[in-house]
Amino acid sequence: MQKDVKQGAEWYQKAAALGNTFGMIGLGYCYGTGQGVEKDDRQAVEWYRKAAALGNPAGMSSLGYRYRDG
């Protein structure tokens, strides 16, 4: 199977839309790095914030890194 970051971002989007916190974190990563979507730091933080608000520890730490790194 070949790597397809755009399709990966689409699957994260679908999972996030269903309330899956791991999908939210994956989508935040995609926005933060510009993999599969246009780089958008605000969107990255928003997705990490949503995952953190739902109690996901990885979402909390990812949000913390974003705040730490600016």
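This is a tutorial dialogue on reading the fold, the burial and the contacts of one predicted model.

Me: Where should I begin with this predicted model, and how many helices and strands does the protein chain have?

Reply: Begin with the secondary structure, which for the protein chain comes to four helices and zero strands, so that, by the run-based assignment of helices and strands, the pattern read along the sequence is α-α-α-α.

Me: What does the radius of gyration say about the protein chain?

Reply: The general idea is to set the value beside the one expected for a compact globule with the given number of residues. For the 70 residues here that expectation is near 11 Å, and the protein chain has 11 Å, which agrees. The C-alpha trace spans about 35 × 25 × 20 Å along its principal axes, and buried residues make up 31% of the 70 residues.

Me: What can be said of the surface and the charges of the protein chain?

Reply: The protein chain exposes about 4,800 Å², of which carbon and sulfur atoms supply 54%, while the mean positions of its 9 positive and 7 negative charges are 3 Å apart.

Me: How should I read the length of helix α2?

Reply: A helix can be checked against a rise of 1.5 Å a residue, and on that basis the 13 residues of α2 (residues 21–33) should span 18 Å; the end C-alpha atoms of α2 are 18 Å apart, which agrees.

Me: Is α2 mostly covered or mostly open, and what covers its buried residues?

Reply: In an α-helix there are 3.6 residues a turn, so residues three or four places apart point the same way. In this structure α2 is mostly covered, with ten of its 13 residues buried, among them M24, I25, L27 and Y31. What covers the buried residues of α2 includes α1 (5–17), α3 (41–53) and α4 (57–69).

Me: Which residues does C30 touch, and is C30 buried or exposed?

Reply: C30, which is found in helix α2, counts as buried because its relative accessibility is 5%, and buried means under 20%. Leaving out residues up to four places away in sequence, C30 touches A9, Y12, Q35 and V37. C30 and D4 are 26 residues apart in sequence and, C-alpha to C-alpha, 12 Å apart in space.

Me: Is P57 buried or exposed?

Reply: P57, found in helix α4, is exposed, with a relative accessible area of 59%, the cut-off for exposed being over 50%. P57 and A44 are 13 residues apart in sequence and 16 Å apart in space, C-alpha to C-alpha.

Conventions
Residues are numbered from 1 along each chain as its sequence is written. This is a predicted model: local features need pLDDT of at least 70, side-chain atom pairs count only at pLDDT 80 or more; totals for chains, interfaces and linings use all residues. Side-chain values use heavy atoms; hydrogens and water are left out. Helices (H or I, at least four residues) and strands (E, at least two) are DSSP runs, numbered from the N terminus. The radius of gyration is taken over C-alpha atoms; the globule rule is 2.2 Å times the number of residues to the power 0.38. Buried means under 20% relative accessible area, exposed over 50%, partly exposed in between (1.4 Å probe, protein chains only). Accessible areas come from the Shrake-Rupley method with a 1.4 Å probe; for residues, only the protein chains shown count as cover. Lys and Arg count as positive and Asp and Glu as negative; His and the chain ends are not counted. The place of a charge is taken as NZ of Lys, CZ of Arg, CG of Asp or CD of Glu. The expected span of a helix is 1.5 Å times one less than its number of residues. Contact means heavy atoms within 4.5 Å.
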